[in-house]
Amino acid sequence: MTQPQAPQERPQVIVVFQGGGALGAYHVGAYQALEEAGLHPDWVSGISIGAFTAALVAGNRPEQRLERLEAFWREVSWPGSEWGSLFKGRLRQLFNLGSHMTSLLFGQPGFYAPRALSPLLAPPGSPEALSFYSTRPMRSTLRRLVDFEYINSRATRLSLGATRVSDGHLVFFDNTRSALGPDHVLASGALPPAFPPSLIDGELYWDGGCVTNTPLNAILDDPPQRHSLVFMIDLFEARAPLPQNMDEASWRMKSIQFAGRTSQQVDQFATVWNLRQTSSRVTRHMSASSPLAFSDEPLAKPAPRLDIIHLTYQRGEHQISSSDAEFSRASIAERQADGYRDMKRALATSPWTQPMANGPQAFGDEDLAPAEGGAVVHRL
């Protein structure tokens with residue numbers, strides 16, 4: 001009988017959730033597949049809707065997480081919007097467009113509501129003057145579904161990216177450095193000008209996506225000390241076919257805006273990580289061979305192995321350019337199913353379990369057709 005791995009032998013599991021509004025239902029399916037595989041996160045990092053997902057994961061015990069994630073998406077969507085799944089093609093696009101217009105006019109239950117007074121008429125500097133919607137409903141939703149005492153027990157590490165309004169710097173709130181509450185989650189998801197900034201310790205914060213939509217920097221700022229699996233779950237594609245109409249052009253512009261830095265981030269991450277590995281090997285070699293080195297001098301530890309599994313949501317043919325603000329339960333269910341399928345297929349191949357050749361690698365799973373989603377694995 002195979003013996004279970006000791007905690008120190010098990011790779012650390014880190015999950016990075018990208019922002020993308022209503023597309024974030026994809027996170028739920030991907031997390032479900034991880035949970036079924038027994039890959040419970042040790043560290044979660046998120047920006048925007050990814051911050052809500054990360055808070056729901058870190059703010060609940062493992063046996064409650066999937067239930068709370070699904071409850072979250074039920075609470076922020078209008079009841080009765082399941083029937084959109086009956087439509088196909090152009091009719092489905094019209095249904096989704098109607099769902100988006102409903103969101104613009106009436107907000108989303110448990111998430112945001114339009115302000116009664118126009119921001120143009122509100123007192124300057126007030127929250128009402130800085131946003132079109134109030135996120136007070138989301139504060140209540142977070143308090144119901146997230147156990148902030150559990151977050152601050154540090155059972156799972158949580159990092160939330162937000163943009164400091166005063167200087168435009170990306171800041172990560174982290175439960176290993178300070179206590180976190182609803183304001184920190186709301187700050188990460190405060191996309192202007194729709195939502196108001198959060199005031200934390202005298203500073204205003206907006207959505208981290210104003211700077212970067214993929215919170216990989218949190219891991220680079222505090223590198224893992226042992227072998228880690230990093231699951232990057234993105235909601236916008238950096239690469240896509242050329243647009244053929246105005247709706248596709250609008251979606252492509254949005255994708256470039258929110259996903260354009262992802263590949264650059266991964267390349268930067270790989271460069272820094274590999275430099276650390278090289279520096280570590282050189283230091284160890286010099287320490288071991290130098291006649292000035294004392295026998296009891298500690299040698300530099302080799303950098304631990306790191307595998308980045310990168311999944312990206314692939315927009316369905318009936319989705320519209322405003323899908324990130326389209327919260328129908330029909331679309332939510334489809335996105336969750338897509339995330340589950342893509343993560344299951346990535347886990348089935350598990351390329352990070354294969355022997356690693358000399359030097360870092362980056363490769364994609366050729367068995368996963370782009371139209372059906374897929375994973376790219378970077379081995380560092």
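**Reading a core and a helix pair**

Colleague: Which residues touch the most other members of the largest nonpolar core?

Modeller: In general, nonpolar side chains in soluble globular proteins tend to be buried together. A nonpolar core here is a set of buried Ala, Val, Leu, Ile, Met, Phe, Trp, Tyr and Cys residues joined through side-chain atoms within 4.5 Å, with buried meaning under 20% relative accessible area (1.4 Å probe, protein chains only). In this predicted model, the largest core has 68 residues, and Phe72, Trp73, Phe231, Ile309 and Met343 touch the most other members. Helix H2 (residues 49–58) gives this core its largest share, eight residues; helices are DSSP runs of H or I, at least four residues, numbered from the N terminus. A second, separate core has 11 residues, including Val16, Trp43, Ile219 and Met232.

Colleague: How do I read the crossing of H3 and H5?

Modeller: Fit axes to C-alpha atoms over the stretch in contact, then take the angle, 0 to 180 degrees, between N-to-C directions. The axes of H3 (residues 62–75) and H5 (residues 136–145) come within 11 Å and cross at roughly 155°. Angles over 145 degrees count as roughly antiparallel, so H3 and H5 are roughly antiparallel to each other.

Colleague: Which residues make the contact?

Modeller: Contact means heavy atoms within 4.5 Å. H3 uses Arg68, Ala71, Phe72 and Glu75, while H5 uses Met138, Thr141, Arg144 and Leu145. Leaving out residues up to four places away in sequence, Phe72 also touches Ile49, Phe52 and Leu56, among others.

Colleague: Any ground rules?

Modeller: Residues are numbered from 1 along each chain as its sequence is written. The model is predicted, so local features need pLDDT of at least 70, side-chain atom pairs count only at pLDDT 80 or more, totals for chains, interfaces and linings use all residues, and side-chain values use heavy atoms, without hydrogens and water.

Notes:
Helices (H or I, at least four residues) and strands (E, at least two) are DSSP runs, numbered from the N terminus. Angles under 35 degrees count as roughly parallel, over 145 as roughly antiparallel, 65 to 115 as roughly perpendicular and the rest as oblique. Buried means under 20% relative accessible area, exposed over 50%, partly exposed in between (1.4 Å probe, protein chains only).
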